[in-house]
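Please look over the sequence and the model that follow before reading on. The report starts with the surface and then turns to the overall form, a recorded domain and two loop residues.

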Amino acid sequence: MHGFTLDDLERAARQVYQVMPPTPQHAWPLLAQRTGCSVWVKHENHTPTGAFKVRGGITFLHWLVHTQPQLRGIVSATRGNHGQSLALAARAHGVRTVIVVPRGNSVEKNAAMAAFGVELVEHGRDFDEAREEAARLAEREGLYLVPPFHPALVKGVASYGLELFAAVADLDAVYVPMGCGSGVCALIAARDALGVRTQVIGVVAEQAPAAKWSFDSGRVQESATADTLADGMAVRRPVPEAFAVYAQGAARIVAVSEAQIAEAMAVYYRDTHNVAEGAGAAALAALLHERQAMAGKQVAVVLSGGNVDWPVYAKVVNGH
C-alpha cells in the first residue's frame, strides 16, 4: 500500500461525510484520574453502524461501483462490523451483498447485518475459515471478493484519524485495536499525511497474538487459534499488506489479556457510560496496563465499536 497524500485522505473524508457526520472525541475526567494522564476517547461507537468500519465501506463501495461497471454483487467474510459497513454502503448503491460469518458468531451482529438486507452465510470455526469460504463463493457466483484490507477501505477509515488529530493537538500517543489492520494503518496514514509526531501503538489480544508476534520478529507469523472475547481482533494470520505498513509505522504492539479487556469494558461504562465491545475496549485496556509509563502525557484511545451481544456484556459488567 502506497502512502496517501493529505489530498487523497481529505477527498475520501468528503465521501464519508456524505453518509455520516464526524464522530466526537472527548477527554473524560474519570479516565484521567484512573490513568494519571489526559485521555481522549475517539468515539467510533457513535457511527451509523456502531463501529469505525463503516467509513471504509463507504469509500470502498464508491471506488468499486466506479471501477467495476459489470459488478454482479459482492461477498466478504466478517465477524460483524466489516459486514455491517459493506451492507450499509452497498444498499445505497443497490449492490447484492453476501456476507460469510463463522459458526457461533455474534447473534446480534448477525441480526444487524441481516437488517441491512445482506445474504448471510455461516461457515467455518473462525474468521480465517469464513474468509476461505467467501473466496469460494466469489468464484462460484461471479461476485467481487471484498478483502478485509484494501487501499480504498483504508482511505475512508483514515477520516477518523484526520478528525482526531485536528481536534487534539500534541498527542503523545494513540492506542488502537488491531484485527486485519485497517484501523491501525489508517491512523498511521493520517498521522504521516499531517506530519504529526504522535506514536501509534497497536493492541492485540493475548489470545490472538499473531500481529504482535509478526511485529516483534519482523516477519508474518500465524497463531494456531484466535479465541478471544474481542471478536473484532480474532485474526490468526496478519494481512501482509497491512503488516508492511504497521511494521514501519507503529511504535510497538501491546498484548492484553481477556481479563484486562473485560475490565476495560466495565471501566468504559463506569467512567463514561459508553458501551464498548471487546475490541472497542482493548485500546483502553492497553493504556491501563501501561499507565505508569504514560503518566502525565496526552494520550488518545480508539473506542472502535460498541457492538457486543447483551448476554456477553451482562456477564462482563457483572464481573463474570
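Accessible areas come from the Shrake-Rupley method with a 1.4 Å probe. In this predicted model, the accessible surface of the protein chain comes to about 12,900 Å², and 50% of that surface belongs to carbon and sulfur atoms. Of the 320 residues of the protein chain, 57% count as buried.

The protein chain holds 14 helices and 10 strands, and its C-alpha trace spans about 55 × 45 × 40 Å along the principal axes. Because a compact globule of 320 residues would have a radius of gyration near 20 Å, the 18 Å of the protein chain agrees with such a form. Among the contacts in the protein chain with a separation of 6 or more, 73% come from residues 24 or more positions apart. As for charge, the mean positions of the 28 positive and 30 negative charges are 1 Å apart.

An unreviewed UniProt entry lists residues 21-305 as "domain: Tryptophan synthase beta chain-like PALP". This span, residues 21-305, is 48% helix and 16% strand, and its end C-alpha atoms lie 16 Å apart.

Which backbone angle sets Asp 170 and His 273 apart as residues that are not glycine? Asp 170 has a positive phi, and His 273 likewise has a positive phi, as the table sets out with their places and exposure.

| Residue | Phi | Loop between | Relative accessible area |
|---|---|---|---|
| Asp 170 | about 60° | helix 7 (151-167) and strand 7 (173-177) | 69%, exposed |
| His 273 | about 55° | helix 11 (258-272) and helix 12 (278-289) | 58%, exposed |

Conventions:
Residues numbered from 1 in each chain as written. Predicted model: local features only at pLDDT ≥ 70, side-chain atom pairs only at ≥ 80, totals over all residues. Heavy atoms only, no water. Helix = DSSP H or I, 4+ residues; strand = E, 2+ residues; numbered from the N terminus. Rg over C-alpha atoms; globule rule 2.2 N^0.38 Å. Buried < 20%, exposed > 50% of the residue type's maximum accessible area, 1.4 Å probe, protein only. Contact = heavy atoms within 4.5 Å. Lys, Arg positive; Asp, Glu negative; His and termini not counted. Charge placed at Lys NZ, Arg CZ, Asp CG, Glu CD. UniProt positions renumbered as here; feature names shortened; annotations may be inferred.
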